[in-house]
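Work through the exercises below with the sequence and the 3D view open. Try each task before you read its solution.

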Amino acid sequence: MSELLKQLKDQYKIFDITEVKSFQTFFSVDTAKLLPLVTSLKENSGYTVLVFITAVDWLEEDKFQLTYIVNNPEEKVDLGIRVFFKRDEPTMESIHHLWVHAATFQREIKEMYGIDFPGSPRVDEPFLLEGWDDIPPMRRDFDTKKYSEETFFPREGRESNDPATFMKLKLYPDE
Amino acid sequence: MTNLFSIEYITIFTSFALLVLGLWGIISQKNIFKIIISFSIVNTSIHLLLVSLAYIRNRTAPIIDSAVDRVNAAEKVVDPVPHALVLTAIVIGIGITALMLSYAFTMYKQHKTLDINQYKSLKW
Amino acid sequence: MVSPIYIIAILLGMAFMLGLLSKSGTRIAGILTSVSLALPVYISISWFIQILSGNADAITIFTAGSVPPFSINLVMGLEEAFFTSAINILGLLGFIYLSADLKKQGVRAMALYLVLIMGLNVVVMTRDIFNLFVFMEIVTIAVAGLIYLKNDNQSKEAGFKYLVAVGIISLFFLIGIGFFYFYGGTLNIDGFIAANSVVVKGATIAIFFIIISIILELKPFPANGWALDVYQAATPGVSALISSGTATASIFVLYKLLPLGSEIWLQILTVVGAVTFLGSNFLGISQKNTNRLLGYSSIGQVGLLMMVIGFMPQLGSAFKMIFFSVFISHFLAKAGLFWLSGIVKKESITDWGILRGSNIALFLFGIFLFALVGFPPFPSFYGKWQMVMELAGTGRFIWIVIILLGSFFEGLYLFRWLGYAIKGEKSNEEKLQIPWDKIVPPFIFGISLFIAAYYANSMSVYGNTINLIPLVFILLLFVIDFLPAYIKNTITIGAMVYYAVNLYPSISDDTLRVVFAAIFLIGGILTMIAGYSVKGKRKGFFPFAVMMYFGLIGLIEAENLFQFFFAWELMTLGSYILIIRGKFSMKHAFNYMLFSLGGAYLIFLGIAMSSFGNTSLDIGIIGLSTMPGWSYTLLAIGFLTKTAALGLHIWLPGAHAEAESDVSPMVSGILLKGGVFGLIVLFLAMGGEQAASHPLLYSLGWLGAITALGGNLLAVFQEDAKRLLAYSSVANLGYILFALAFMTNIGWLSALTYSINHFLFKTLLFLAIGGVVLRVKTHNMYEMGGLIKQMPWSFIAVLIGIITLAGIPPLSGYAGKWLFYNAVITKGWYFQGVLVFFAGTIAFLYCFKLIYSVFLGQPKDRFRKVKEAPIWYLIPQFILIIGIMIFSARPDLVLKPIGALLTQSSYFPSDSLSWENVTASTNLGYWSGYKIMLVIGVMFAVLLVWLMYMSRKTQKVKQFNIVYAGERPFTPETTHFSHNMFSHYYKALGFLSAPLATRFWNITNDITHRIADGSKRLYTGNGQTYLAVIMAYIIIIYLIMF
Amino acid sequence: MSLSNKNEQEKNIRVTEDKFLAPENRKHTVIGPGGEEIFVDPLNDYFCTEKPKVEKPYKGILEKFYNWARAESLWVLGYGTGCGSIELPPLFSPRFDAYRFGVAMRPTPRQSGVFIISGYLAVKTLKRVIRSYEQMQNPKYVIALGSCTINGGMYWDSYNTINRLDHYIPVDVYIAGCMPRPEAILSGFNRLKEKIKEGRAEGANEYIEKLEWYKANQKKIIKDWNMPDYNW
Amino acid sequence: MELVKKIGFVLLGLFIILNWGLIMSGIIRKIIARLGMRRGIKVFQPYINLIKNYSIRSQISHGVMFYLGPVFRLSGGIGIFLFMPLIHGSELWSNFSFTGDLILIAYFAFFGMLGMALGAGEGGHPYSAIGISRGLAQFTAIELPLTLAIISIAIQYNTLSISEIVAAQQGGIQNWTLVTNPFATVAAMISFLGAMGHSPFSVVMAPQEIPIGPPTEYHGTFLGILQTNRAILHVIEAVLYMNLFFGGATNWGILILKSFLVYFWSVFVGMVFPRFRVDQSIPWLLKLPVLIGIIAIALLII
């Protein structure tokens, strides 16, 4: 594992290496180097399974993070690869040619975060949201409560409580 | 009982020998000219056969001249008809052979070969 | 009367004179040659006419003014006059045809041509054997020179092989002459025959060499490689001369010289002819090169002629007529075909589609082919018939089989060729160039074929019983082929109505015939009405449609077996052309023709066997056959090819499905009944009820049941609407066969009801589906759907059709089923009956598929604007629907008279259906079509009114307003459930629909072609091999003889 | 009706913006068998574009008799829309045995009279619900199960779950709870029966009368309807 | 006058049969429920369902054949009734059975099927077509044992007339076809299972898989008509089997009892056995039941 990381460090300038567990290591890499990196991992190092792709919206830092988890079924180890890019340029290279099912992840990320993967099959078709006409709902600047109130006719008289406070008040009114 | 080595038998045997030779030549030789020559041999053999068939012992050629007088000609000369036939047959044989040769010539002009095995564009 | 010697004088003189002309004088030379070729024509024909009419006697011309043996004498008798006329006409026309080529080669070529014709004339006329030799050699040289005309590599090669082979053969001839003279002391044929009283052993050897050489000149199989090469390589015009001209002369020489030999020569000749006819035609089946194919055919025909000569004593007085018919067909047709091949200039028969560029050429081509195969009314039909009958009279069935088998192979390759000509691919850039001088000769020969046909007809024993008026009418239709279709259609319908009206009184006492005549003629008129929808001229359709219908009617009118077979062949021919008119029909029509031809020859053989030992040819003699097992079986199989019993059915689906929209009902609803009628004739002749336990009937019963099951099962898995209907026809004919095989009164009643029903509903369905196909331009059902809105009338027609087909009460299909059950139980064929019932339920599957996939379900965008089928399709449909309704409501109107006929006739006296008003009953059950119709009708009407009251507020919705689990359907194509609809059924029972028959025939076909292809390699192309074969042939014949 | 009017009417029935129109629903031309061009407007050609009509109840005793029959024969559309559908199968088990009340499941909306909305409705599900509801025949009844259908329940602030069902289709009976037990559902059925017998369960006609309001609400959230307004 | 009387009795018979059909299905449902430890529906629930369906206010139609399909179907059901003799020895309760015999009934069964198939087909729903294609496919195999049985009894009694077959079975249980020709009876009773559409041959209607198959688009009055037909058809088919194999009926009481028992046989089997797929049921039907049918015939002709 460490040898591989060392090699990757030399070759792809990976940084920010975090070993979460003995079988799971995360690291970051430049956006431009992601594709050669995962290709090499798949072809040379036995990381043949793409577990998933996920996205994080770092609104405060004005950037998106994509995390690719790849798995080596022989050695039973995972690698998490993080890439970061700016929120105003939400575009990433597609890896559907390496793993066919990556297209589905990318399609979902496109719908929920608005991160585009040019060339990915059917990436523009709706995945869960049919006829969505707003900014992607998983972006943190999308106010879901406001949207719901504006759109879905909230019933008058509904009260909403913070469960912890409410239960505390109800069960232990003295304290 | 005539002698086996009398003239009529010899000619007949010769003609048959030639016939067999010629036919063998036609079938076995690959060269077109040799085939034509074999053909001529067969031709000749048959002419010989005809003439020999017409031969009657102790008679002369059917030419009416001083040696053979007109009156006794029928008893003195051999049968003249086959001779006439052979004459005609020779003429025709020459015609056929000539035509064969001209064919062979033009065939050679085009293909530059006389091997009959090379002329198999028509088959089946 | 001009002395025949002038023929020689003119030709020879002109040949020498041409030599005097300069090279540039080709124009004058051409005229002179034509004139000098025309004069002999006049002389020989005038002799022929004079001798024939008895105004003149045969004359002998003594050259050199003395009698044989001191001179050569020529004879001009009837035969000589006939053959010289033929040769001279051929010479003249051949010259016209070849004139362009000959002019290019200059005057010497023309001289050669004249010498050839002169030689042939002398060969025919001379009675001197050496003179014969000389002129045969002259002919050889002339031919070799003419082969050179083409001046390419192949022709040189072929010419050389020809020279060597013929040279050797003539040398053998010369040997023969030598011995001939040696032992006979004369060169005169007549003299030798006269002196033949003292036959010595040596004379036999002389005759052997002479006759074997002539036989070899006639290119016997397999010693004929050189001849094939010549046919292939020479200019078609020259090939025509060789095939028709020299072969004519040679065959006559053979005829002339045969009296020299003993009886054994006739037998040898028969064997040689048979081997040649069969072998050559067999090897021809895998041949694709046009001229070589014609060569094979040519050799085969000559083989047949040799057989005819060989059978001279057996044929007796019929010999002349047979020889004339076979010879003239070969002579005219083969020359014509070679000439046409010269016009088309295509090496492979697959490229002959270009022939369609000219109607006249195509017409002539068809005539020549039909004449060669021996279709009526062409002479060889009469010839073959007479020959087979004469041979059958003496019990020579093996020879008949050989003749028929050879003819079958010949038909095989000729019809494949015809198929390519009518339907083969053709590029649009190529145009067929037809100069008048090339088309006139074949045209004249084509016309001559008809004249010859007339003579053959009048010479034939039964020819005078043939009704020629329909044939004349068909010819008339050819003549007026330039008129628009609707005029011709009207004329045709008028003629058929007229014929029907005139026919009725003559057969009105025989209800059976009336029923079939009604099916054929009314069906014909109805389907012809549909033809009004065709715009344009529809060239070549009407003559053949009429031919088919008159053939069918001829079956009914036939009083003897000759008329029957004549009509059968006429029908086959007409229907073949009708079928091949379809767009993709080439292969299917070819299959149809093969099976029809095979079937027809089986029938022919069956007739021949029946006639053995009988003096007349009445239809009844089938029952008197001295070998009933054979003749019944052969006839039955023959008819079964037309009714497409399982195993023999593979031609039907394609042929019916790919035919034109209004031809499909003709060939399905109507034509198939021809086979049924044949079976009826056969079964009646077998003796009706008395023959009921015949083992043949038992097996036919099983065959019928299996056919019904197989046909229906195959229909279920079809995606092509017309193919589905076609397989359904197979199954329905299976029912009919099964019911006929009962040989009981009710069984036959059931079979006839089925026949009428099948005619009604299958014509209806094919017309309706044909109308739909005409509009939507596809056969695939899954591409259609929802057409009920565009084509409501067609829908009604199909609905009525399938209700009748499925036998659902109250419509008439049920009548057949009910009778059928009674028959099954009476007869005791329970298990077959159950099989047929199972088949009947399977019919539901495809009935539903047909109506649902086409008319119901989801309409497709493409067909949103299609119109209802043409009115001319709907009119006959609704006439048929009215027919079905009447037959359903009052089945007694038809069934009573038929039942009465069956009962009264001596055939089926017992166990009849009894009628009480409108209720029919057997000793098992009862049924009243009228009351059932009434009860169901009233009930249906009441319920409909009730529903209409109950649901008066109904919103009409469109195709996608269906419950789709909250979704909307994607497109009509993905929503229409039709393709492979019965896949589950296929899983369960698909193994029964394995194409065993197709596989069997494919393998048979494959093996046959492979054998033919392999045997063909005998002709290696090496001249020496050919010579070796010739010599081996001589030796083998010698060994056989001595 | 003049042509322009007709065009206007056509416009009225279109609810799908061009952006959300499915590719197969776009107008296009196909080539017919005769080579003619055929213009296809799928929304018009495939679907019935008629407006639904109010079906007036019969008068007097006949309607009462019919209502009794309708009440005693409640055929439920078997369509599990939310998590509450897990509560429906026990309903037909021996313990609760809804059959004795004349309740039965039917597999197709055409034959069903009662639509049970069993819990929360995502926008995507709502689309299917509306289509199915419209395919049911008049009279038809809706039972809304659980608090999600009342005010959104635990999904009250979700971006894709509706809050109030009665803004989209008329609801006859609400059964509160998260989730209600089968007993509650049985009780709901009985309430529905009472309502039907009293002749107050005219939700189907109400839906048609206020169709424009309902459609407006529906259109607000369902943007790719891809059908004419009313799904017959 | 004769005719009017006849029609009157026919309508009366139809009324009785319809009511008995509805009640019978209620009773059967009740029995099934009790087997499953439930109270089950009311016995009169089928009436209520029928009335409810006729009371549906709005309807849609996919076209003419869609509209006519139920009429065809009901005509098929009533038609079989019309040609069926009900009570042995009674001229009045023999309906129009004098116009045709057993073969007529066997073939008239197709009439309704065809109409239904066409109606459902025009609905344009693929599930309808799938259901029909399954139904027809299975039907071919279902009819085969029945045909063997019919031919067997036709040989046995040497008649195809139902009245005569019933007449021949009078005089005690030992004369019933059940006793005299057990193999034919067994074959026919297996075929009866298929004709009734209960499992194991219920894949045609498979509600969970292809929402109820052919009638998936039918509702309201149309469905009411189909239900009416179902009530009539079930009884009348049971009556047919009763007539052929179980001695017929000499009065209404016996008819009701016997038809109930015959029908209950199919319900009983349906409760016990799971469902066949089409491609399973066809080979099964073509093996054992057909063999039994063949034995039935073979025994008679030997």
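## Exercise 1: Chain C as a whole

Among contacts in chain C between residues at least 6 apart in sequence, 81% join residues at least 24 apart; two residues are in contact if their C-beta atoms, placed from the backbone, lie within 7 Å. This is a predicted model: local features need pLDDT of at least 70, side-chain atom pairs count only at pLDDT 80 or more, and totals for chains, interfaces and linings use all residues. Residues are numbered from 1 along each chain as its sequence is written, while chains are lettered from A and ligands numbered from 1 in the order in which they are written.

Task: describe the make-up and dimensions of chain C.

Step 1. Count the elements. Chain C has 40 helices and six strands. Both are DSSP runs, numbered from the N terminus: helices are H or I with at least four residues, strands E with at least two.

Step 2. Take the extents. The C-alpha trace of chain C spans about 115 × 60 × 50 Å along its principal axes.

Step 3. Check the radius of gyration. Chain C has 32 Å, which agrees with the value near 31 Å for a compact globule of 1042 residues. The radius is taken over C-alpha atoms, and the globule rule is 2.2 Å times the number of residues to the power 0.38.

Step 4. Check burial. Of the 1042 residues in chain C, 65% are buried. Buried means that 20 or more other C-beta atoms lie within 10 Å of the residue's own; exposed means 12 or fewer, and partly exposed lies in between.

## Exercise 2: Where chains C and E meet

Task: find which pair of chains has the most contacts, then describe the side of chain C.

Step 1. Five pairs of chains touch, and chains C and E have the most contacts among them. In contrast, chain A and chain E do not touch; their nearest C-alpha atoms are 25 Å apart.

Step 2. The C–E contact takes 61 residues from chain C and 67 residues from chain E. On the side of chain C, α33(C) gives the largest share, twelve residues. That side divides into 41 nonpolar, 15 polar and five charged residues. Here Ala, Val, Leu, Ile, Met, Phe, Trp, Tyr, Cys and Pro count as nonpolar, Asp, Glu, Lys and Arg as charged, and the others, Gly among them, as polar.

Step 3. Look for strand pairing. β6(C) pairs with β1 (residues 59–61) of chain E in the parallel sense over three bridges. Strands pair if DSSP finds at least two bridges between them. Thr954(C) stands opposite Gln59(E).

Step 4. Pick out Ile851(C). Beyond its neighbours within four places in sequence, Ile851(C) contacts Val798(C), Leu799(C), Ile802(C), Leu856(C) and Leu118(E).

## Exercise 3: The sheet of chain D

Task: trace the sheet and place β3(D) in it.

Step 1. Five strands form an open, parallel sheet in the order β4-β3-β5-β6-β7 (chain D). The edges are β4 (103–106) and β7 (173–175) of chain D, each pairing on one side only.

Step 2. Follow β3(D). Four bridges join β3(D) to β4(D), and Leu77(D) has Arg106(D) as its bridge partner. Two bridges join β3(D) to β5(D), where Val76(D) stands opposite Val114(D).

Step 3. Check the faces. In a regular strand the side chains alternate between the two faces of the sheet. In β3(D), Leu74(D) and Val76(D) are on one side, Trp75(D) and Leu77(D) on the other, and all are buried.
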